[in-house]
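Biologist: I have the model open and a list of words I don't want to take on trust. Can you walk me through what earns each one?

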Amino acid sequence: MRCQPSTPCRHRPWRTTGFVNDSSKTLLAASGLGKRYRRRWALSDCTLEIPAGRVVGLVGPNGAGKTTLLHLAAGLIAPTTGMVEVLGERPGDGPAQLGRVGFVAQDTPLYSGLSVAGHLRMAAYLNPGWDGEQARRRIEQLGIDPRQRAGRLSGGQRAQLALTLAIAKRPELLILDEPVASLDPLARREFLRSVAGTAARSSVVLSSHLVADLELICDYLVVLVASRVRLAGDIAALLTSQRQRTGRPVTLDDLVVASMSQTGLR
């Protein structure tokens, strides 16, 4: 996407109509956040604040701490130092808080010997707010055989099943840690369209190395490098500001690369 020099940049990600952007509330807040594994710090002294009601693109080089940050936000691991709050509460602080957050990992972990229908039944048992009708409808619309074992599904189908398990619990926040990294272009596009539809009901944080994917559905950007936030803000506002400053068209890829390299746009 390129902005025309004579007009403000209009970044229009996919999104279902009816979504209300409530940026007055905080989705995720971290201060001095760190996670250490023996002698190695996977994340250190990270301070960040993200408004609610956004579809957030989280990008950064390998080793920046993105996955660790998302695991902390999902309540999958506990911090070594600092604090983190998600939706105003400590992540993983009881079943109610866990139910407010949906999570899809990069390798979309599923039980290979369990059928699709079996996954849905298990999720219904584990999640009090489970929407079984929505889950069954999604699987039917995707053309996935509920009798099929997860281990026999294609990469795109596994990703869609993992997304179904996450969104049918009706979370307020959906966290996606590079879920499309191994998918072919068509499967990746279909997955992102599904996420865009979910954004009508939930805030979303999506980690990806593919800036073009973030551009399709995200309206807020966070660039993380070595546990530090190099850039954060509304994407349309960031693009417009840079265009006005440089006097030339600016792409989202330009912003990300400049932020990661610290060279700045010239």
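Modeller: Sure, let's start at Arg38, which lies in the loop between β1 (26-37) and β2 (40-51). This is a predicted model, where local features need pLDDT of at least 70 and side-chain atom pairs count only at pLDDT 80 or more, while totals for chains, interfaces and linings use all residues. Residues are numbered from 1 along each chain as its sequence is written, and side-chain values use heavy atoms, with hydrogens and water left out.

Biologist: What makes something a strand or a helix here?

Modeller: Both are DSSP runs, numbered from the N terminus: a helix is H or I for at least four residues, a strand is E for at least two. On that basis the chain comes to nine helices and nine strands.

Biologist: Back to Arg38, then. Is it buried or exposed, and how do you know?

Modeller: Its relative accessible area is 81%. Buried means under 20%, exposed means over 50%, and partly exposed is in between (1.4 Å probe, protein chains only), so at 81% Arg38 is exposed. Its phi is near 55 degrees, a positive value in a residue other than glycine.

Biologist: And what about Glu178: buried or exposed?

Modeller: Buried, because its relative accessibility is 10%. Glu178 also has a positive phi, about 45 degrees, although it is not a glycine. You'll find Glu178 in the loop between β6 (173-177) and α6 (185-198). Across the chain, buried residues make up 49% of the 266 residues.

Biologist: Why is helix α1 called largely enclosed?

Modeller: Seven of the nine residues of α1 (residues 66-74) are buried, so the rest of the structure largely encloses it. Among the buried ones are Lys66, Leu69 and Leu72. Just after α1, Gly75 takes a positive phi of about 80 degrees.

Biologist: How do you know that β1 and β2 really pair?

Modeller: DSSP has to find at least two bridges between two strands for them to count as paired. β1 and β2 are joined by eight bridges and run antiparallel, which settles it. One spot to look at is Arg36, standing opposite Trp41 in β2.

Biologist: What sheet do they belong to, and which strands are its edges?

Modeller: An open sheet of three strands in the order β2-β1-β4, with antiparallel pairing. β2 and β4 (81-86) are the edges because each has a single partner strand, leaving one side without a neighbour in the sheet. The twist averages 20 degrees from one strand to the next.

Biologist: Which other sheet is there, and what makes it open?

Modeller: It has six strands in the order β5-β6-β7-β3-β8-β9, with mixed pairing. β5 and β9 (228-234) each have a single partner strand, so each keeps one side without a neighbour. Neighbouring strands are turned by 15 degrees against each other on average, direction ignored.

Biologist: What makes the pairing mixed?

Modeller: Four bridges join β5 (residues 101-104) to β6 in parallel, whereas β8 (residues 220-225) and β9 run antiparallel over six bridges. In β9, Leu221 has Gly233 as its bridge partner. β6 is also parallel to β7 (residues 203-207), over five bridges, with Ile175 opposite Val205 in β7.

Biologist: Why is β6 described as covered?

Modeller: Five of its five residues are buried. Leu173, Ile175 and Asp177 are on one side, and Leu174 and Leu176 on the other.

Biologist: What makes the β6, α6 and β7 unit right-handed?

Modeller: Point the strands away from you and follow the path from the first strand over the helix to the second: if it runs clockwise, the crossover is right-handed. β6, α6 and β7 make a β-α-β unit of that hand.

Biologist: One for the side chains: what puts Lys35 over a ring?

Modeller: The rule asks for NZ of Lys or CZ of Arg within 6 Å of the ring centre and within 35 degrees of the ring normal. The charged end of Lys35 is 5.4 Å from the centre of the Tyr37 ring and sits over it.

Biologist: And how many aromatic pairs are there?

Modeller: Zero. To pair, rings of Phe, Tyr and Trp (its six-membered ring) need centres within 6.5 Å; planes under 30 degrees apart would then be stacked, over 60 edge-to-face, and the rest tilted.

Note on methods. Axes fitted to C-alpha atoms, helices over the stretch in contact; angles between N-to-C directions.
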